[in-house]
Amino acid sequence: MKFAGRVSRISVSQTMAVNEKALQMREQGIDIVDFGAGEPDFPTPDNISQAGVRAIESNFTRYTSIGGTPDLRKAIVEHHARIFGSKFDVSECLVNVGGKHAIFNTVSAVVDDGDDVMIPTPYWVSFADIARYAGGRTVFAETREADGFRLTAKLVESCLTAKTRLLITNSPSNPSGAVIDDEEFVRIAALCRERGIVLLSDECYARFLYDGLKPFSLGSRPEFRDTVVIAGSLSKTYAMTGWRIGYVLGPKELIAAVQKIQSHSTSNPTSISQKAALEALTGPQGSVAMMLAEYSRRRDFVVERLNAIPGIHCTRPGGAFYAYPNISSAFTRGIKDSLEFSVRLLEESHVAVVPGSAFGTADHIRISYATSLEQLERGLTRLAQFMARLK
Ligand code: PLP
């Protein structure tokens, strides 16, 4: 069968390739330590799940407004205001089927054929494919490991082209955990506004910050009202990956455009999940602090253990739940690249990681520490032994 050209512009992610192999090996009864998963290992908090159960029991199982129920949109706007000091109106908010859907629909609404979309590396793989699917050309702004992978206005400026239409940021970052400095973020947004570029800020990990860093959103700065769009998600913050609830906060006209796209594709996000999301945002928040404290402990453990392995060095992530160690010393010891490193680590030591090539850098692997300290201990011991065995 012949497929549309837009399908050939995107590819199946390398994340999936290693994942598939890990699944097969597990089915054969092999004990795999999985550092590949990009989702919390905690269950959805019970009060949130119960709200979903109540939605089913009370037959709240019909279509809702395309952009989400008014009470959920109000809850999102108020929650964002409480955490980040933003001042969005309900008409500037729309609920989607997860953060990825929020990004997909926003990019579809903004990017035209031939537009340039700037994406800092290392990047979450879907940014690039979503931009290409929309007809855009990707321009990668390569952050430096020596700067902790932090994006700067200077780097953005050096990568601008006459056709730059959109910049996608992700702070804290998947995969590096890098957090853009608040003042630098404002300088980047000012530069975008000056050049008529839309800035899409993916805040999916914005609550996962360590070392006393305070949550910051460009949504709190009224001067960027017309040029900044926020994509948010409840997936990671509330351990709700399967419920599929995300949102867009941005200019009214953009919300209307996204709503139009949504009206002909998914329609509303699941009614049951919307009730659960309402409880997540308006109910007790203790589970978020509990999960954050645990991720912080794991981050300290992982970074210390990684840096103690000869031949590996790892920058200290400021947020999210990923470590992004440099394993390039293995390239002089019989390993060709990060993909081969990941495949051999899986086959020989039974540890699943994601190769950095999936995120646009050659020298790294991604380790998700959204798994127990016990698993981290086992997997990192295996990684150390794997490194020691390389000739
Ligand atoms: N943005 C980033 C950087 C992510 O890592 C993810 C998920 O892995 C998402 C967005 C989308 O999450 P969801 O669609 O589950 O809300």
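Start by selecting proline 355, which stands opposite isoleucine 365 in strand 12. Strands here are DSSP E runs of at least two residues, helices are H or I runs of at least four, and both are numbered from the N terminus. You're in a predicted model, where local features need pLDDT of at least 70 and side-chain atom pairs count only at pLDDT 80 or more, while totals for chains, interfaces and linings use all residues. Residues are numbered from 1 along each chain as its sequence is written, and side-chain values use heavy atoms, with hydrogens and water left out.

Now widen the selection to strand 11 (354–355) and strand 12 (residues 365–368). They pair in the antiparallel sense over 2 bridges; pairing takes at least two DSSP bridges between two strands. Add strand 9 and you have an open, antiparallel sheet of 3 strands in the order 9-12-11. Strand 9 and strand 11 stand at the edges with a single partner strand each, so one side of each has no neighbour in the sheet.

Stay with strand 9 and pick tyrosine 322, then tyrosine 205. Their rings form an edge-to-face pair, 5.7 Å centre to centre with 80° between the planes. (Rings of Phe, Tyr and Trp, the last by its six-membered ring, pair if their centres lie within 6.5 Å; planes under 30 degrees apart are stacked, over 60 edge-to-face, and the rest tilted.) This pair links distant parts of the chain: tyrosine 205 is in the loop between strand 6 (198–202) and strand 7 (228–233), 117 residues from tyrosine 322 in strand 9 (residues 322–323). Both tyrosines are buried, meaning under 20% relative accessible area (exposed is over 50%, partly exposed in between; 1.4 Å probe, protein chains only).

Next, show phenylalanine 321. Its ring pairs with tyrosine 322 in a tilted arrangement, 5.0 Å centre to centre and 55° between the planes; phenylalanine 321 is buried too. Select Phe42, Tyr205, Phe208, Tyr295, Phe321 and Tyr322 together to see a cluster linked by ring pairs. The structure holds 14 aromatic pairs.

Which strand pairs with strand 3 over 6 bridges? Strand 4 (residues 137–142) does, in the parallel sense. Click threonine 121 and look for its bridge partner in strand 4, glutamate 142. The chain gets from strand 3 to strand 4 through helix 6 (residues 125–133), in a right-handed β-α-β crossover. (Right-handed: with the strands pointing away from the viewer, the path from the first strand over the helix to the second runs clockwise.) Strand 3 also pairs in the parallel sense with strand 5 (residues 164–170), over 3 bridges; there, aspartate 116 has threonine 164 as its bridge partner.

Colour strand 3 by burial: 6 of the 6 residues (116–121) are buried, so the strand is largely enclosed by the rest of the structure. Asp116, Met118 and Pro120 point one way, and Val117, Ile119 and Thr121 the other.

Move on to helix 10 (residues 271–282), whose 12 residues reach 17 Å from first C-alpha to last. That is close to the expected 16 Å, which is 1.5 Å times one less than the number of residues. Of its 12 residues, 9 are buried, including Ser271, Gln274 and Leu278. Helix 3 (46–57) and helix 4 (70–84) are among the elements covering them.

Last stop: two charges over rings (NZ of Lys or CZ of Arg within 6 Å of the ring centre and within 35 degrees of the ring normal). The charged end of lysine 275 sits over phenylalanine 60, 4.4 Å from the ring centre, and arginine 225 lies over the face of phenylalanine 88 at 5.5 Å.

Note on methods. Contact = heavy atoms within 4.5 Å.
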